[in-house]
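Let's take a walk through this model together, beginning where chains meet and ending with a pair of helices.

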Amino acid sequence: MLGEIIENVRKNKPLVHNITNYVTVNDVANVLLACGGSPIMSDEPEDVEDITSICGGLNINIGTLNQSSIKAMYIAGKRANELKHIVLLDPVGAGASALRTNTALGLMEKISFTTIRGNISEIKTLASGSGTTKGVDADVADEVTEESLDSAVRFVKELSDKTGSVIAITGAIDLVADKEKCYVIRNGRGEMGRITGTGCQLSGMLTAFQVANPDRLLEAAAAAVCTMGLAGEIGFKYMMDTDGNSTYRNRIIDAIYNMDGETLNKGAKFEIR
Amino acid sequence: MLGEIIENVRKNKPLVHNITNYVTVNDVANVLLACGGSPIMSDEPEDVEDITSICGGLNINIGTLNQSSIKAMYIAGKRANELKHIVLLDPVGAGASALRTNTALGLMEKISFTTIRGNISEIKTLASGSGTTKGVDADVADEVTEESLDSAVRFVKELSDKTGSVIAITGAIDLVADKEKCYVIRNGRGEMGRITGTGCQLSGMLTAFQVANPDRLLEAAAAAVCTMGLAGEIGFKYMMDTDGNSTYRNRIIDAIYNMDGETLNKGAKFEIR
Amino acid sequence: MLGEIIENVRKNKPLVHNITNYVTVNDVANVLLACGGSPIMSDEPEDVEDITSICGGLNINIGTLNQSSIKAMYIAGKRANELKHIVLLDPVGAGASALRTNTALGLMEKISFTTIRGNISEIKTLASGSGTTKGVDADVADEVTEESLDSAVRFVKELSDKTGSVIAITGAIDLVADKEKCYVIRNGRGEMGRITGTGCQLSGMLTAFQVANPDRLLEAAAAAVCTMGLAGEIGFKYMMDTDGNSTYRNRIIDAIYNMDGETLNKGAKFEIR
C-alpha cells in the first residue's frame, strides 16, 4: 500500500541534496520539509561532494543550469553513485535548448539515475537523444491522454528498460514505470499548471520517498506522484472565489504537510498496467 | 479599452524569457502564470539564445546581476532584437552602484528596448547617463507628486523620444509614456512597498501584456501597470487585522489570477496627458 | 526594554545588504520589510563594495555559497568594517562541508563580525576551528537543553570573548551572549523547524535591529531573537487544522509585520545569566 511509503518518510526523515533551479527552490525546500524529509541545497563544484555524502539522495534539476552548476551536477552525481544513493534527474527544458538537452543526455551517460521525472516533451527529447537512451521509439503523442495511453505505457516501460531508471512522466495523466510495471495515475488538477514549480517540488519529494523506501523504488515514486496530485485535489477544496494560484501554492504544500498514510491510501487513484 | 488587453494575454498565453534576480524570481513566475502568460527563466550565456528564440518577449532585470548573467543579457537582448521580440529593461538599483548604472546604460546602447520600467530614481539615473539617453533633462523631482506631475510628464515623454522606448515610472503616481502620450495612473496602495518585488512582478507581466498586444504597446504597458495597482487594491480588501506583507503578497497575485477585462476596465484609474 | 528596540527599527528603516543563499532570500527580504527595515541583495564581487557602502549593515549567509559569492563576502565585509557597519555571519552548514567550514573560519579571520548567528552544531564547528576562535572549549552538548544550559552559557560567553562578536545560538532554547551577559530565550515553537529559512530570516532581521540600535548591540540581538520566536507563537495561534508549513511561513512574517513594542515586551520570554 502506498500509505506506508509516506509514513516511512516521516519516520526516516531522509536528507536530500538538491542541485536545483533558483526559481522554485524555496518551494522544493518547503515541500521536502512538509513530507517529512530534510533539504540541503548546494551547487558549488567544490562543495557538493561533501554535501551529497551526508545525504541519502540527490535531486538534480537543470531548470536554471549554468556552467558552474553543471560541473557540480557531474561531481555530485558521481559521488552519489559511488555511495549508492538515490539519484533523480529532472530535465527541465530538455528540448528547449541545446545546452539543456545535451546536459541532460550527458548526465544520463555518466550517472546512473534511480529515477528520471519530467513532462512528456522532456522525456521524449531524452528518449530520442543519444547515448544510453538511443534507439528508444519516441514516436508517441505529445500528450498522455486516454487515447494515447497504450502507446505511452509501452514507451515509458521501454525507456525504463533502456536506461535502467524508473521513469515518471507527469501531466494530466501521470505514468510511473519500470520496465515491467507502469502506474497510471489520475490524481491532480489542471489548475496545478498555473503554479510555478509543482514539477520541481515533486522531484524533490520523490527523491525523499525513494530514500526512505529503498526496497520499493517504483512504488515510492508512484506514492510521491499520487501524494502531489492528491494534495492538489485537497488544497483545491479549500479555495475560495477570490483565491488564485499564490494561495493554491500554499494550500498544496499545506496538504502535503498534513498528508498521512490513510489519506493517501484512500485518495490515490491509480491502476497498474 | 484596457480590459481587452488582459483578455488578449489570457487568449495568447505569451511565453516570456526572464533574466531576473533570484530574490523575486518565484513571484515573477507566478505572476506571469496568474495573468495568463508563461515564464521561462535562463541566465546562462550558452543557454539564452535558444531559450529567447522560442519566446515572444524578454524581461531583463538587473536586480542581482553577476558577470555571467550580464553576458547573458547582451546575448539574449541581441537575439530578441533580431527576432523583433518585445524586450523590457528593469534597471533595479541603477544609481546605487557603478556596475548597475553602467550595465543598464550599456544595455541601452546595444539593445533596443520596447520598454524601460523603474522607479523615478532609477529612470533619472539612466536619463542623465551617457549613450543614447545623453542630453535628457533629468532635473525632475525625486518623487512623482501632484506638484511635480507636469515636469515629470514632460521628462518621461522626452526620455521616450530620446530612447525610442515606452517608459514606465512607478511610484505613488505611475507614469507610462511614449513621446506623445502619457498615462498618469493612480491605482495601487502604499502598502505594496512593504512587499519585495512588486516592481519585478510588474516588469514580467508588462512584457507578457506587450507580447500579446503588439499593435498597442503603450496601452499594453498602461494596462499592466493598472492591473498591478488594482490587484493591490483588491487584495487589500481581503486583508484581516492579523495579516501582513506575506499574506498581502499572496492576495495580490491571487487578484491578478482573477482579474478579467471588465474588472480592469472598471477599476483602472488613469488620465492621459 | 526590548520593545523600544523594534520601535527604533520602524523609525530608522535600516538598509541591510544581504549576501545570502537563493533558497530563502525572498523570505529574508520580506522579513526585513516586515520588521521595518529595507533589503538590498548583491553578491557580485564588482558590485558589493558600492552596495554595502550605502547600507547600514551587512548580512553574510553562506547557505549556497559559490566561488564568486565567497569573493564578494570578503570584499563587502572588508568595506563594511572600514565603514564601521554592523556585520553579521550566518555560517549555514559549517561542519557539513570543508568549503563551508573553511569559508566561515576564513571570514572570521579577515572580518570583524558584530554578530555570529547559527545553530549549536554550526557554532561548535566554528569554536573548535582554527584562527581567532582557536582554543575555545567546544565540548558542549549538541543541543541546548535545561540540563546542558549551564555549560552552554559558559561556552557562548567564552566564544564571544574570544571572537569579540555577539554570539547567537538558536534552537529549542536560544542563547544570545557577549562575554559578560547571556540572554536565555524561550520563545518560539518546534514547528518553526518545519519551515525552511526561519534562521536565515532571523539573521537578516537581527542585522537590521542592530543597525537601528547601535548602542545596544546585545539587547538588539536578543530582541530580534525574541521577535522571531514570538512571531512563531503568534502565527501559530491562527493556524487551522488544514494549514501546514507554507501557511505558517506566511503567518510568521505577518506577525512580524504587526509586531509592536508593547507586544514584544509582553511576549518576550527571557532571563539573563
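This is a predicted model, and a good place to start is the meeting of chains A and B. Here 24 residues from chain B come into contact with 23 residues from chain A. On the chain B side, four elements each supply at least two residues: α2 (25-35), β2 (38-41), α3 (45-53) and α10 (245-257). Of the elements on this side, α2(B) gives the most, with six residues. Sorted by class, the side of chain B that touches chain A holds twelve nonpolar, six polar and six charged residues.

Now turn to where chain B meets chain C. In this contact, 23 residues of chain B face 24 residues of chain C. Two helices of chain B, α5 (98-110) and α10, each supply at least two residues to the side that touches chain C. The largest share comes from α10(B), which provides four residues. As for chemistry, this side of chain B has seven nonpolar, 13 polar and three charged residues.

Finally, let's look inside chain C. Helix α4 (residues 67-82) and helix α5 (residues 98-110) of chain C pack with their axes 10 Å apart, at an angle of about 20°. An angle under 35 degrees counts as roughly parallel, so that is how α4(C) and α5(C) run relative to each other. Their crossing is right-handed. From α4(C), the contact is made by I70(C), M73(C), Y74(C) and G77(C), while α5(C) brings T103(C), L107(C) and K110(C). By class, the residues in this contact of α4(C) with α5(C) are four nonpolar, two polar and one charged.

Definitions and conventions
Residues numbered from 1 in each chain as written. Chains lettered and ligands numbered in written order. Predicted model: local features only at pLDDT ≥ 70, side-chain atom pairs only at ≥ 80, totals over all residues. Axes fitted to C-alpha atoms, helices over the stretch in contact; angles between N-to-C directions. Parallel < 35°, antiparallel > 145°, perpendicular 65-115°, else oblique. Left-handed = near helix turned anticlockwise from the far one by under 90°. Contact = placed C-beta atoms within 7 Å. Nonpolar A, V, L, I, M, F, W, Y, C, P; charged D, E, K, R; others polar.
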